[in-house]
Every structure is written in structure tokens, then in C-alpha cells.
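Hi everyone, thanks for coming. I'd like to walk you through a structure today, so have a look at it first and then we'll talk.

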Amino acid sequence: MGTTQRQDGIVAGRLAPEAYAENFGDAYPPLNPHEALVAADRCYFCHDAPCIAACPTEIDIPLFIRQIQADSPKGAAKTILNQNILGGMCARVCPTETLCEEACVREAAEGKPVQIGALQRYATDTLMATGEHPYTRAAPTGKIIAVIGAGPAGLACAHRLAMHGHTVVVVDGREKPGGLNEYGIASYKTVDNFAQAEVEWLLKIGGIRIETGAVLGRDYTLEELCSDYDAVFLGMGLSGVNALMLEGADDHMSDAVDFIATLRQSDDLSQLPIGRRVVVIGGGMTAVDAAVQSKLLGAEDVTIVYRRGQDRMSASRHEQDHATSAGVRLICNAMPVRGASGGVEFEYTEETADGLRGTGETFVLEADQVFRAIGQTYADTPAAAAELERGKIRVDTEGRTSISGVWAGGDCALGGEDLTVTAVAEGRDAAESIHRTLAT
Amino acid sequence: MADLRNDFVGIKSPNPFWLASAPPTDKEYNVRRAFEAGWGGVVWKTLGLDPHVVNVNGPRYGVVYGADRRVLGINNIELITDRPLQTNLDEIKVVKRDYPDRAMIVSLMVPCEEVCWTEILKQVEDTGADGIELNFGCPHGMSERGMGSAVGQVPEYIEMVTRWCKAATRMPVIVKLTPNITDIRYPARAAHAGGADAVSLINTVSSITSVNLDLMAPEPTIDGKGSHGGYCGPAVKPIALNMVAEIARDAETRGIPISGIGGVTTWRDAAEFMALGAGNVQVCTAAMTYGFKIVSEMIAGLSDWMDEKGYETLEDFRGRAVPNVTDWQHLNLNYITKALINQDTCIKCGRCYAACEDTSHQAISMSADRVFEVIDAECVACNLCVNVCPVENCITMEEMAPGTIDPRTGREVVAEHGEWTEHPNNPSAVAAE
């Protein structure tokens, strides 16, 4: 008998070997064709539909659902991908409950929106299973564009540029392309190596070369890019994490994003150590992903502690429910004060006119392992010449930075929510802007 | 990419999806919106003589719903255009001028006097319209005045008016037929004899959609009374498909161009009409239910399907199903199938059992733990269980291989075709050659 859930400390192999595959399987299994038809039947094909307006990439949702109804799932996929080339991933990771599905008129009518995300996955999976790539490159323009970051923004930008006939070199600091799709999202949302499969499918357009392992500022400079390429798109995301120093807790505290990245790249989860009692500090989707996956790795007791009220959490209610149904405890209105013997001391908080304030009342949570998930930052300034605003690269409505010939989008750029789907929209729109600029 | 361009009796349109003569094509504003949405053509709502008709000021439509308020059929008591003739003609002219690549057909309905037809045809020609459609179909209101289906129900009138119109205009003449007859071939033959370039069908079916049990009056109810209307939408598609097929395979009318109408809602409906010989389709109820944007789905769906099947043009598949429409007497009686229930996908609702046990051949068994299985020795392959099963492909009809024994009859399944015309039970059977 190896280790068990009840062993203190941070250890690997808390579960029976077969439990890992089950725990980390698809959290929301795909619809089968019958389920898809039943779900599609509920769409009213609204005029000027609110769901379209709620989608950052403005997918024509009623049309694609009607195409599923009319037995054209591949046509439905094209309708989706025309607007959002990463529609497959977005179908898996979009917080649809706060976007399209929240706007669905059947949410108002019955409290049960059409399952837009699941239907989008059904359509895109159907097309991608055939291996078909329904887009072709325009005649080569002779222009060459550098895209920094192979995450959602960079990939969407690269694909749209390639469609217009440009040649694209995508440079990413990590070993694999995909960005947060590959390194930053809970694995049960994107099983079967989907992030890499999607990148491979996307590259079928041709004209895109990906170079990995090169970091802007370390291995090359923005000035070099500007002189070597006709245009540059910055989509490298956020590389820093917000600091949180807790006296006495540093030895067992780490960043949730690193934990998630390690987990995503692990090919044997039974070898991945996890604490018996895990505390996650934060209130966003990263906090939920880290907490739920801790639980799935066999942590006995997992708690998310968020400093404000539950309604202020940036993780959606659906995400919160997912966490609590996985056995994660949620404590709101409490902030960490210091490391305590075998745990962390928290102080309850209250919102006042002057902001958030500790009430003086404290409690201690036992913890072998503490994850920080209090947000990411545009840490260093590799693109130093580009002007920042509120800590991110300032861009105009077309994604242009303060430097001529340099565009930016995704999490590293100002504006929009830090969502995959927002990054896709910004990358796509920046590509159109680059194309227009190069054409003149 | 499939080529969806349509050439119907010389009238060209970028796709085979036309809006039928009906409320959606009543005026310039609507038709411009339709063309912007991508419709290949319109048949302008029926023009008549001035003084123009008037409509009721109470409800004009009744409806039949499926589950979840899905519109299956609409019944309509609206008459032909209730605007002055010149207003319509002026609008037709400017819309056609602005959309020269779209088909502009003008529907007409005037009294059965030659001068009425020749006069209005001159005026329509001046608009630059591509063709005309003779409305011999509407079953409500106008028929009481000797027009619409009152003409469409008398083949001699159809032939007469068609002949007048052909003689009076250079424009192609499409004759729109009413389904409110016993045999569609007679009015189609009459149109053909009169020289029609094409027929379009079906117009609406005479109907009362429902009765208001508080008012004790039919819906739609106008001040306590109701009148029969014209039924349309997905519910009438089977009637329309049959009528299109009858004309397509009739010896006298075979080859006459057909514009298929009746419940076309998706690309598949259109493909089905065209497989039965229609050169294009006309749509109304789907647009009235969901708006003009549905044509996006129709265009994309038809194009994708054609690509998948390797059809490059509409002509590549048009009429392909016509040879397979036959008379009952020629169906192969030696083709034997048995229902098979897939136990892995069965959800154990028992609808197949109820249907078979109560209303058919007691060919499904039910165990205490709700396992439903087909009894091959009783199954006549009626298909009812397949039809009522809520799970697609859970029950399938499996063909019995030649050489096997049909446990119901004890006879060997034979590979040869055998039909009623040569069956021993048929008093007028002839031996197979």
C-alpha cells in the first residue's frame, strides 16, 4: 500500500492508479448526435440575437445551431470558425454562462439557456474529426509578419494573416505552442491533447511557421523584429504573477499557474505531488482550476479563500458550483495575514466606504500546500518601447500600439476580459488591421 | 464549391431559393430586405385590378404548433395585394432595376376575361420583370369571386387563361396550381396544353386550424366568425412533394419545369423537391416564422451537400429521384425486412411495444425488466415502431438475405423481383416474362 489521502505533507500517488484517468477525464462529455439535435431544437433563431452580441467573437450562433438542426454540422462549424478559428477550444473553456448562454432568451424564459457551448463543441469536433481545413490562403503577398506568442491571440492573428496571403512567423517562449490553452487551463476541460491537435489543424492553412523556446527581450528584441518584418503582433500574454508574501508560509507556497502548467505537461499524474490539505488564495478561474485539480489529485481537504464577497469572484457561479461539487470548500471575505504553524492565518474582511478592511477576527486553516492565484501581470517590459496603461500595452480599437508597425492583443494588451475568446477576437481584428495597413 | 446558379425557364438567379408570392413579398421594403439577405428571387405578391381588395382588420393567420411551440403550419386568410396596382408596379420596377441579378416574378390574379389579362400584362412588362406567375391557387376569399382556386379547379379555365397570357406577353408564364383538387395531373396537363412555360405548386390547402371552444368559432376568429384559410408550412410538404412527383412522372407533363412550393424550411427540403424534379423552390412560411436570414442556412447547406455528393450544378441532381417514384403495384413484394431494436441505445420507453401490440401485429415482446425485442415470426416490417421510437436509429429495418427463411411465412427469401401485377392472388395477374 502506497501513500493515501490521509498522509500529511506534499506527496505523490495519493489515489489508486486507475483513479487518475477517471478524475481527469472530460468534465463535460460531448453531446452525441441525438443529444445535439434535441439541444439544437430549443434555439428560437432569434432576430439580431442577443447571444451574438454577447460573444466577443460575434459568432452567428442562431445560424450555426440551425445548421445543426438541418443536419449540416460541418457547415455549422464553418459558421463558427469564420469568426473564431479557435472555436473548438472556446467551446470547451468559454464561460458561456456569463456570455452567450446568459444572453440566451431561453435563460429568460425558462432559466435554461440553449446549450450553445456544447453545440459549438459538437459542430467543431465533427469538422475537425474529418481533418478538413475549410480555409485556403490567398495568393502570397510577399509580406512577412512576426507574431509573438503562440497563444489564442497569436494563433488567431496568424491564421487570419495567412488567409490573406501573408507569411507569418510565430515565436513562443515555451516548448509547445498553444499558450494558456496548453499550459493554463484545467486538463479536464481539454482532454486528449486537444490544444495541440487544434494548433496542428489551424496550421493546415499554410504559410505559418512556429518557433518555440525564444523569449522576447532575452533572445531577441522588438527593435530587431521591427526592422526584419513588415509588421509585428505582440500576443505574449502575461508572464508575471501578483506577489503575495506571507511570513512563515513561503516554503509551502507556490503559484497556481505553475502548478496548473506542471499538471498539464505531466504524463503521469500519479507522480505529481499534492498536499493533504491545500489552500488556494484567489477568486478567479485559475483559483478554481487549481483547487479542483488538487482535489482530483487526491488532496483530502481543499479550500479556496477569497478576500471579497462571493458575488465579486471573477470565477463564474457555474465555475464556483463546479468547485464545490468537486468537494472544494469556498471561504469568502477573508484575507491571508501570515503563515502559521502547519497552515495559514486569515483575517475576516468587510467592504467599507474606504475599501476592503480587516475586521480583526482571525482563523487558521491547516495547509500542507498553499497556491497563490491572485492574478497575473505584464511583468517585465520586453516591449519596453510600447507605451503601457494600467500595466498593460496600450492599444487603440484596431490593436495598434504606440509604435508604428506594432500591434498587440490578448491578455498583454489593455482592454477586454482576459478570456481565450477575447484574445481570439483581438488577434483576428489586429490581423485585419495589419492587412489593411500593408495593403495601402 | 458547388455552383448554385439557377436557370428556370430562362429566368436566372444566383441560387434556387425564391420567396413565394405571399405577405413577405408584398412591397418594396420587404423585397429589398429579402435580396439583401441573399434570396435568389421573389414572386411579388399577387397583383389584381383596381379598385384593390381590402383585408380583414382582425387576425389573418392561424397556427398549428408542434412541441415547444414550433410552428408546423400556418393558415392564412389574407387576400392578394391590398395596395393600388400602380404603387406595386412602380416598386417592382425600381427593385428590379436595383437588383438586376435577382429573379423578379410577378404574380397575377384578375377576372377570367381576356382583356383583363392582356391589359395587366402590358403594365407588368413595363416594369422589366422577368416573368409572371398566374395565381390559380388561393383557396380563400378570391375564390368566392371566381378567381384563384376557383380557376385552378377547372382545367378548361386554366388552359384558356394560360393561352391568353402566352399570346399576350413575351415573359415566361408560370402557372401556380392549387392542391385543392383530387388529381393534380389534370390541372398540370391543362397548363401544359395552354402553353405554360412552367407550373409552380402547391398553393395553400383549404383549412381550419383550430376551433376556439369558448367562442365556438374557428381560428382565426374575426368578431366571432371565422373562414377557411390557406394552410402552408412544414405540415403540407408531404402533400406538395407527392404532387410535384406526380407531374414530374406523368407521361403528358413529364419535363415541364416545376417550381416546388410547400413547407420548404431547410436546404434539405429544397434538395428533396429538386430531386423530385423541381427546377427551384419557393419559400414563404419558413421566412414568416424565422425571418429572411434563414436563406443563409439554405445556401450553405445545399452547397455543402452538393460538394459532399460531388454535384457541381443543380442540374446534376435535379430529378434524380423521379425514376424511383412508382406505382404500388410495381413495388417488390420479395423484398423482406425485419425490425431490429438496438438494446444498447434503447431507453425502454415502450412506445414501440404499445404501437405494435395495440395497433399492429403483436411482433414486439416485453420482459418484466422492460427489454423490448422484435418477434421475427410476427413482424410484417410495417416500420411503425421505427416511426414512433424517440431515439433515432435505435430501431432499424434489416433486410433479409436471399436464401434465408422468413420465420413469419416459412418461405425462402428470393432474390428475384416479384410484384403485384404477377402475384397469384391478383385476379388480373399476368405471368412474369
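Let me start with a term: by a nonpolar core I mean a set of buried Ala, Val, Leu, Ile, Met, Phe, Trp, Tyr and Cys residues joined through C-beta atoms within 7 Å. And please keep in mind that this is a predicted model.

So, which residues touch the most other members of the largest nonpolar core? That core has 128 residues, and the ones in question are Leu119(A), Phe233(A), Val280(A), Ala291(A) and Ala408(A). Take Phe233(A): leaving aside residues up to four places away in sequence, its contacts include Ile145(A), Val147(A), Ile148(A), Trp407(A) and Ile434(A). Ala408(A), from that list of five, is also among the residues that Phe233(A) touches. There is a second, separate core too, with 98 residues, including Cys165(B), Val281(B), Ala286(B) and Met306(B). As background, in soluble globular proteins nonpolar side chains tend to be buried together.

Hold on to Cys165(B), as it takes us to a helix. In α5(B), the buried residues are Ile158(B), Glu159(B), Val161(B), Thr162(B), Trp164(B) and Cys165(B). Note that Glu159(B) is on that list of buried residues. What do the buried residues of α5(B) pack against? Their partners are the helices α3 (114-125), α4 (149-152) and α6 (185-193), plus the strands β8 (131-135) and β9 (173-176), in chain B. A quick check on the geometry of α5(B), residues 155-168: with 14 residues at 1.5 Å a residue, counting one less than the number of residues, the helix should span 20 Å, and its end C-alpha atoms are indeed 20 Å apart, so the two agree.

Staying in chain B, let's look at a sheet. It's an open one with four strands, in the order β5-β6-β14-β11, and the pairing is antiparallel. At the edges sit β5 (61-65) and β11 (205-207) of chain B, each of which pairs on one side only. On average, neighbouring strands here are turned by 35° against each other, ignoring direction. β11(B) is joined to β14(B), residues 229-232, by three bridges, and Ser206(B) stands opposite Gly230(B) in β14(B).

Now the odd spots in the backbone. For reference, most residues other than glycine have a negative phi, and most peptide bonds are trans. Where are the cis bonds I want to show you? One runs from Leu201(B) to Ile202(B), with omega near 10°, and Ile202(B) is in the loop between β10 (198-201) and β11 of chain B. Another joins Glu219(B) and Pro220(B), with omega about -5°; Pro220(B) is in the loop between β13 (217-219) and β14 of chain B.

Then there are positive phi values. Glu58(A) is not a glycine, yet its phi is about 55°. You'll find Glu58(A) in the loop between α3 (50-54) and α4 (61-69) of chain A. Arg370(B) isn't a glycine either, and its phi is about 60°; this one is in the loop between β18 (364-366) and β19 (372-374) of chain B. Is Arg370(B) exposed or buried? Arg370(B) counts as exposed because it has 12 C-beta neighbours inside 10 Å, and the cut-off for exposed is 12 or fewer. Glu58(A) has 13 other C-beta atoms within 10 Å, so it comes out as partly exposed.

Over to chain A for another sheet. This open sheet has three strands, ordered β12-β13-β14, again with antiparallel pairing. Its edge strands are β12 and β14 (355-366) of chain A, and neighbouring strands are turned by 25° against each other on average, direction ignored. Nine bridges join β13(A), residues 343-352, to β14(A), and one pair to look for is Glu347(A) with its bridge partner Thr362(A). In β12(A), residues 334-340, you'll find Gly339(A). Gly339(A) is buried, because 21 other C-beta atoms lie within 10 Å and buried starts at 20. Among the residues that Gly339(A) touches are Leu246(A), Ala249(A) and Val344(A).

Last stop, the place where the chains meet. Chain B puts in 13 residues and chain A puts in twelve. Which helix gives the largest share of the chain B side? That's α10(B), with five residues. α8 (267-275) and α10 (294-309) of chain B each supply at least two residues there. By class, the chain B side has four nonpolar, four polar and five charged residues.

Note on methods. Residues numbered from 1 in each chain as written. Chains lettered and ligands numbered in written order. Predicted model: local features only at pLDDT ≥ 70, side-chain atom pairs only at ≥ 80, totals over all residues. Contact = placed C-beta atoms within 7 Å. Nonpolar A, V, L, I, M, F, W, Y, C, P; charged D, E, K, R; others polar. Pairing = 2+ DSSP bridges. Axes fitted to C-alpha atoms, helices over the stretch in contact; angles between N-to-C directions.
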